[in-house]
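Subject: Structure for your review

Dear colleague,

Please find below the structure that I am handing over to you. My findings follow it, and I would be grateful if you could read them alongside the coordinates.

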Protein chains: 2
Amino acid sequence: MQRKLPQSNLYLREEELRRGIELLYFAYRDFTRDPDEILATSNFGRAHHRVLYFVGRNPETTVSGLLHQLRITKQSLSRVLGQLVEDGYIDQKPGTEDRRQRLLVLTDKGEKFEKSLFETQRNRVAEAYKKAGPEAVAGFWEVLLNIVDEQERSAVLQQIEK
Amino acid sequence: MQRKLPQSNLYLREEELRRGIELLYFAYRDFTRDPDEILATSNFGRAHHRVLYFVGRNPETTVSGLLHQLRITKQSLSRVLGQLVEDGYIDQKPGTEDRRQRLLVLTDKGEKFEKSLFETQRNRVAEAYKKAGPEAVAGFWEVLLNIVDEQERSAVLQQIEK
DNA sequence: CCTATTATGTCAACAAAGCTGACATATATT
DNA sequence: AATATATGTCAGCTTTGTTGACATAATAGG
């Protein structure tokens, strides 16, 4: 009567759920720290970083593609994207099939800047991977993927397996 | 010459590092979605949620304790904390040892509200844990902990093992 | 005991990044 | 030819972060 849950479900107790919630919070808090420091010396912020990242990752993505990944309004995106285009970090070119679309690509300048931001996060994650080992990393991916909205999982899978 | 890295380091390639970065982004994006929906029907926002969470988790925490966990300025905290106290979600009482301190605790009302927010995230994480299984969950914790700033890890450990 | 430090609070101004609503234009689609 | 879609833009507002300056009460150190 002492133990209410079967051995195999111990990881589903409140304590373990809180652990995941808190680790997610603290890890994300520190994960954004390094790029934020670089950004603080620029005219840009975290919102610009996200745009640079996804345009770099998906060259020729469209405005609506970005809107869906970022989950912000076009007015919000428009502000940061406009600044990035204005300052020569991103180029826009009309779509070939659908000429209403604006295909987005990083310029050389944009690529260089994005790379410097990415590098800090890559290093942090690489260190964490090394310390935790490959099996832990596989579990890390698996849980995160399942935290994503169910209906979005296929889109996320497509992105990460690209 | 084809394969540049030893088998055991395949998980440290750029592709796998990007995978972690992107999963962290997408998971966090959706993780905040459920409480945000509830908050949208209240007078509070995500900042209030964080305060409610940590006060609930650490009853009698101090203002400076919160400031350290949240990494915001006292002026920012003061605004949201003030609203939560004003509206009867949090009580303040003077410290017993150090009477300069204000010990923070949730009121019944605060506890009830925090619980409703927490429940949504608990459910999401519980589902993800179930789908991924206990070994994956252990890896998830391990990697996240190592993403946290090294000098903060002991504080985070103390929090999650509380 | 006196002085310095600490914990907290407060006022004011500002910045980043999100939001809604309304309306415009060019191109596709039916 | 009419409708729908992709994108852009103007205007105003909200939330949540920032800096800087200053105030008060209580603790701590010499």
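Which of the 24 residues around DNA strand C come nearest? They are A:Arg46, A:Arg50 and A:Arg79 from chain A, together with B:Lys74 and B:Arg100 from chain B. Please bear in mind throughout that this is a predicted model.

The DNA contact surface

By class, the residues of the surface near DNA strand C comprise 11 charged, 10 polar and 3 nonpolar. Four helices each supply at least two residues of this surface: α3 (46-57) and α5 (74-86) of chain A, and α4 (63-70) and α5 (74-86) of chain B. The largest share, 4 residues, is that of α3(A).

On the DNA side, sugar or phosphate accounts for 56% of the atoms of strand C that lie within 4 Å of the protein, and bases account for the rest.

Several polar contacts to phosphate oxygens of DNA strand C may be of use to you:

- A:Thr73 places a backbone N or O atom 2.7 Å from a phosphate oxygen of the strand.
- A:Arg99 has a polar backbone atom at 2.9 Å from a phosphate oxygen of the strand.
- A:Ser76 has a polar side-chain atom that lies 3.3 Å from a phosphate oxygen of the strand.

Helix packing in chain A

At what angle do the axes of helix α1 and helix α2 of chain A cross? The crossing is at roughly 30 degrees, and the axes of α1 (residues 14-31) and α2 (residues 33-40) come within 5 Å. Because angles under 35 degrees count as roughly parallel, α1(A) and α2(A) are described as roughly parallel to each other. On the α1(A) side the contact is made by A:Arg29, A:Asp30 and A:Phe31, and on the α2(A) side by A:Arg33, A:Asp34 and A:Pro35. This contact of α1(A) with α2(A) has 4 charged residues, 2 nonpolar residues and no polar ones.

A:Phe26

Is A:Phe26, a residue of helix α1 of chain A, buried or exposed? Its relative accessible area is 3%, under the 20% cut-off, so A:Phe26 is buried. Leaving aside residues up to four places away in sequence, A:Phe26 touches B:Phe54, B:Gln69, B:Val148, B:Val156 and B:Gln159. Within its own chain, A:Phe26 is 46 residues along from A:Ile72, and the C-alpha atoms of the two are separated by 24 Å.

Yours sincerely

Conventions: Residues are numbered from 1 along each chain as its sequence is written. Chains are lettered from A and ligands numbered from 1 in the order in which they are written. This is a predicted model: local features need pLDDT of at least 70, side-chain atom pairs count only at pLDDT 80 or more; totals for chains, interfaces and linings use all residues. Side-chain values use heavy atoms; hydrogens and water are left out. A residue is near a molecule or strand if one of its heavy atoms lies within 4 Å of it. A polar contact is a pair of N or O atoms within 3.5 Å; within protein, one must be able to donate a hydrogen and the other to accept it, and residues adjacent in sequence count only if both atoms are side-chain atoms. Ala, Val, Leu, Ile, Met, Phe, Trp, Tyr, Cys and Pro count as nonpolar, Asp, Glu, Lys and Arg as charged, and the others, Gly among them, as polar. Axes are lines fitted to C-alpha atoms, for helices over the stretch in contact, and angles run from 0 to 180 degrees between N-to-C directions. Angles under 35 degrees count as roughly parallel, over 145 as roughly antiparallel, 65 to 115 as roughly perpendicular and the rest as oblique. Contact means heavy atoms within 4.5 Å. Buried means under 20% relative accessible area, exposed over 50%, partly exposed in between (1.4 Å probe, protein chains only).
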